[in-house]
Amino acid sequence: MSPRCPRSGSRTSEATGVTASSMPSTSSESPVVDGVCAAAYAIPTDRPEGDGTLAWDSTTMVCVSVSAGGVSGFGWSYAPAAAARLVEEMASELVGQPAFAIAALDERLRVTLRNAGVSGVVSCALSAVDVALWDLKAKILGVCLADLLGPARHEVPVYGSGGFTTYDAATLEQQVRGWLSAGVPAVKIKIAEDAGDREARDLRRVRQVRELIGAEVELFVDANGGYTRKQAVRVGRALGEYDVRWFEEPVSSQDKDGLREIRGLLDLDIAAGEYANDLPEIRRLCGVVDCLQLDATRCGGFSGWLRGAAVANAFGLEVSGHCAPHLHLAVAAAVPNFRHLEWFHDHVRIEQRFLDGAQEPRLGVLRIDAAGPGHGLCPKTTDLAPYRTA
Ligand SMILES: [Mg+2]
């Protein structure tokens, strides 16, 4: 993937704080990591995109390749380009270590990065490495990753997501009709435009979508933390007129007391979790949401997603995959307490254009038996090349 692959030069165990004996010994089944590469690509959106609290015109995809025994695993995150640089700095901690020892490798990297903190962009970098290691392991074993994890289902339901506040009515209608033609059972749009300053337009757009989708398709909204607590309750009650079932981040997901309060006052599902990096944050959110969102590109890759789903299960909650739909497919199939996966326009467009193996939902589901060895996705590096920034 990158012409600048660090391939050797492991630090001493004293420098990392991880002792040699803490790593599992290499077995005949586990080749050692012999290469780690990373690159970042800034891909323009097809039109300006925005939600309640942020607007953007490009999305950065950080791609990671980890190789062992002549096989490469591929992982990625939607994150700042700095994540690619971090992965290259981490390469020396991975090279020479047993590729199958994913949990031990993750611990080794976290110790190395301790002083930088392991949330935010660091967690995105760790997530991309974890995804690449799982893909690598499944490919070496010659199995579909979903089979390696042990599927709970073979069909993964998706819901249409986008509906950006930057869209005019005609663009919104075109997008919603596209989702309906894919048979999705639910659609989600962004609200809380201008940090909640355009409530009347928010509700007009919700009404437009309800009229488009009819009574049978579920309608979700995402405020991206754009409302105040009392405003969220007021808007939430107005959303009832349009039978909205899912109110995502009515207030900032940092405001746990606010989420709890709003959840107690409204009868639609309160959802959050897309920024959670670690299990303590996931545990805090479990006490204040009706469905936990988890993003494997941020929360520690497949390993972090599966652990987060187990925590949610202990609270009696279902989980929903946040964005990056193709990346989530294998873990979405693997957990018993799974609700749905977000078919997010921005990432769908990138994944269908730049990844071999990308799918189109049929009757509202993606099928895991369509995936090849590993997670079944490979980057089209030639097509990506013009967008490379790091
Ligand atoms: Mg959201």
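A crossover counts as right-handed if, with the strands pointing away from you, the path from the first strand over the helix to the second runs clockwise. Keep that in mind for the second stop.

Before clicking: this is a predicted model, where local features need pLDDT of at least 70, side-chain atom pairs count only at pLDDT 80 or more, and totals for chains, interfaces and linings use all residues. Residues are numbered from 1 along each chain as its sequence is written.

**Stop 1: the start of the chain.** Select residues 1-21, where the pLDDT (the predictor's confidence in each residue, from 0 to 100) is below 50. Where pLDDT is low, the predicted coordinates should not be read in detail.

**Stop 2: three strands.** Helices (H or I, at least four residues) and strands (E, at least two) are DSSP runs, numbered from the N terminus. Pick β8 (residues 269-272), helix α11 (residues 279-286) and β9: together they make a right-handed β-α-β unit. Now add α12 (residues 301-314) and β10; with β9 they make a right-handed β-α-β unit too. Zoom in on Q293, whose bridge partner in β10 is S320.

**Stop 3: helix α6.** Select residues 169-181. Which residues here are buried? Q175, V176 and W179 are (buried means 20 or more other C-beta atoms within 10 Å of the residue's own, exposed 12 or fewer, partly exposed in between, with C-beta atoms placed from the backbone). Turn to the face away from the buried side and you'll find the exposed A170, Q174, R177 and S181. Finally, click G183, just after α6: its phi is positive, about 80 degrees.

Key
Expected span 1.5 Å × (residues − 1). Contact = placed C-beta atoms within 7 Å. Pairing = 2+ DSSP bridges.
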